[in-house]
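Subject: Structure for you to look at

Dear colleague,

I am passing on the structure we spoke about, and below it you will find my notes on what turned up when I went through it. Please read them with the structure open beside you.

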Amino acid sequence: MADAMVRWDQRAVALVELRGSATDQALFEDALGQHEWPVLDQQGPSVSSQGVRVIRYTVELRFPGSSFRAVTGARHRLEVLADRLRIDLIVKAVDRVEREPDVSHLWSVYRRARDPAAHPGLSRRARLNHRMAELRGTGRKVRADDASEAHNLGLRALPGAPAQPSDASVRPAWSTLMIRGSVPARPRRPVIEGLRLPLLVALVLGMTFVQSSPAGHTGPSGPQFWSLACVAVVVAVIAAAVTVCNRPELPAVAAAVPGPALCGLAGFGGVLIGWPLAVVAPDGFAGLKAFGVLLLGLLTFLGLWLLFRQSTWRTSLPWLLPALLPFIPGLLPAIGLSLPTVYLGAFDVDVEDVQLSMLDELRSAFHVLAAISLWLIAPALLGLVRHLHLMVRDRWMGYAAFAVFSAWSLLIGAWQLAYLPALDAGDSAESAAAYREGPIGAYGAYGIEPEWVCVRPVAAPDKVPVTGGELYSDEPYLWLGEADRIAVLWSPPDYHALKVPLDFLRIKPYDSHPDSCDSLRGSG
């Protein structure tokens, strides 16, 4: 059974020729009914000069997608239908259905205020109310070519609507006061049509400015300001050009204002959205880099929405199967411990020896999930491609390429954005501890907060249970954490970790590497 279209954006009319038996005719007409494609005209059956039974149809196709390449998309859909039904169908002609030109003027119905000279007894308040009622009008709007037709439509009774005053008049609506003498015969389009992408870019620009501000990257003298300003100017010019094309009946200046104004509102919305995100954004996340990442993320969401919008769950759900993997019982906690495991591997410490909070494990799990979500680019790109009618036919090679790209993105995201950063963070912390470089607390990650400590046993040295080597009270150690009251101390000279019960130790933390631990020993 063919998949029913949930929503359609485009309409096209096609002249097709079906060659075959009555069974082929029944199959074709049944498929048209399942797709909800009405048959506008039918001629035949007739017999061609070669003795073949021929039926000609005029079919209206309704399908989702962009107006760009809509005619090609309609032809491909008919050819796909013929291939699936194994019928001999020839598409003779296809064209897209467009709206009829709407060049009538818009009129408002109103009632004239009473003349003060004819009604001298009216109070000032009553005259003001009548004047305001004249300005507001009765609320009815009609579209007509001239005032006479507009007047007749304005006084016509409509079922369920209040009757209009018998002395009501009509006047051009405010939106048509600036119409020029000659209106081009073309379909009237909403002023915001075609502004989806400029508004999306303006939204990302607003978020980028906020992301860049805390790090000092914006401002007239900032290194990132002028590149973002150039992008903003280009977006404003494109938006103005789109609105001028949408409303050719208005003067160019008046038609160009709504585009940049809407982009400005979208940018302000991006500022409000990006303000709380800027608090947790890293310092390097600024300028064109932040703009590219945010725009890619929003385009990914847009592509996924387009994919689900023009597909059924049966065809789109397989692309979401990797998203269900972390929710396998027992796998999400393992994902949350994966990054701390790699980080502690630089110190040759097992993650079981360091107790992490549930919140830290959840953050690490979300870090990994965000990294592997790079595979969503593949189905998002598929949604954009299908929106442009570039993959109407179910070619296995194309879908195989998208599947391979999705798997490759999954591996690249897990490797480049999760594993390697955790490995680099662990190696950097280990190197900083070995060479006593700077405050060691700056190298903490994934809920692990290393710090320099001096330790002093509270019992005789031979009574202290130590695993992994010998404990020296005059040597500073790197504290990595504890689990079940057993501390993990890393020794920089020996490059190995010790596990010592906390009940046998007295610990004093330091912000930086201490020269010696004699002060702790002397205080005892």
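I start with a pair of charged residues: the side chains of Glu 60 and Arg 62 meet in a salt bridge, with 2.9 Å from N to O. Please keep in mind throughout that this is a predicted model.

Glu 60 has a further partner, since Arg 11 also forms a salt bridge with Glu 60, the closest N and O atoms being 2.8 Å apart. This second pair links distant parts of the chain, with Arg 11 in strand β1 (residues 10-19) and Glu 60 in strand β3, 49 residues apart. Taken together, Arg 11, Glu 60 and Arg 62 are linked in a network of salt bridges. As for their surroundings, Glu 60 has a relative accessible area of 6% and is therefore buried, while Arg 11, at 32% relative accessibility, counts as partly exposed, and Arg 62 is likewise partly exposed, with a relative accessible area of 27%.

Another salt bridge joins Glu 17 to Arg 56, and here the closest N and O atoms are 3.3 Å apart. This pair, too, links distant parts of the chain, for Glu 17 belongs to strand β1 and Arg 56 to strand β3, with their positions 39 residues apart in the sequence. Glu 17 counts as buried because its relative accessibility is 5%, under the cut-off of 20%, whereas Arg 56, at 36% relative accessibility, counts as partly exposed. In general, side chains of opposite charge can pair when their charged atoms come close. A search of the whole structure finds nine salt bridges, and those described above are among them.

Turning to the nonpolar side chains, I looked at Phe 28, which has its place in helix α1 (residues 22-34). Phe 28 has a relative accessible area of 0% and so is buried. Which residues is Phe 28 in contact with, once its neighbours within four places in sequence are left aside? They are Val 16, Leu 18, Tyr 57, Leu 81, Leu 85, Ile 87 and Leu 89. For one of these, Ile 87, the separation from Phe 28 is 59 residues in sequence and 8.1 Å in space, C-alpha to C-alpha.

A second buried residue worth a look is Leu 228, which lies in helix α6 (residues 225-246) and has a relative accessible area of 0%. The C-alpha atoms of Leu 228 and Gly 206 are separated by 9.9 Å, with the two residues 22 positions apart along the chain.

By contrast, there is a nonpolar patch on the surface, formed by Phe 68, Leu 388 and Leu 390, which together have about 280 Å² of accessible area. Phe 68 lies in the loop between β3 (53-63) and α2 (70-85), and at 51% relative accessibility this residue counts as exposed, because the cut-off is over 50%.

I also followed one of the sheets, an open sheet of three strands in the order β6-β5-β7, with antiparallel pairing. Its edges are taken by β6 (141-144) and β7 (169-172), each of which has a single partner strand, so that one side of each is left without a neighbour in the sheet. On average, and with direction ignored, neighbouring strands of this sheet are turned by 40° against each other. Strand β5 (residues 105-110) pairs with β6 in the antiparallel sense over four bridges, and His 105 stands opposite Ala 144 in β6. Helix α4 (residues 147-155) lies across β5, β6 and β7, and runs at about 145° to β6.

Finally, some totals for the chain. There are 16 helices and twelve strands, and of the 524 residues, 38% count as buried. Among the contacts with a separation of 6 or more, residues 24 or more positions apart account for 73%. The chain exposes about 29,200 Å², of which carbon and sulfur atoms supply 61%.

With best wishes

Terms used
Residues numbered from 1 in each chain as written. Predicted model: local features only at pLDDT ≥ 70, side-chain atom pairs only at ≥ 80, totals over all residues. Heavy atoms only, no water. Patch = residues over 30% accessible without salt bridge, like charges linked within 9 Å, V, L, I, M, F, W, Y side chains within 5 Å. Areas by Shrake-Rupley, 256 points an atom, 1.4 Å probe, with all protein chains shown as cover. Salt bridge = Lys/Arg side-chain N within 4 Å of Asp/Glu carboxyl O. Helix = DSSP H or I, 4+ residues; strand = E, 2+ residues; numbered from the N terminus. Buried < 20%, exposed > 50% of the residue type's maximum accessible area, 1.4 Å probe, protein only. Pairing = 2+ DSSP bridges. Axes fitted to C-alpha atoms, helices over the stretch in contact; angles between N-to-C directions. Contact = heavy atoms within 4.5 Å.
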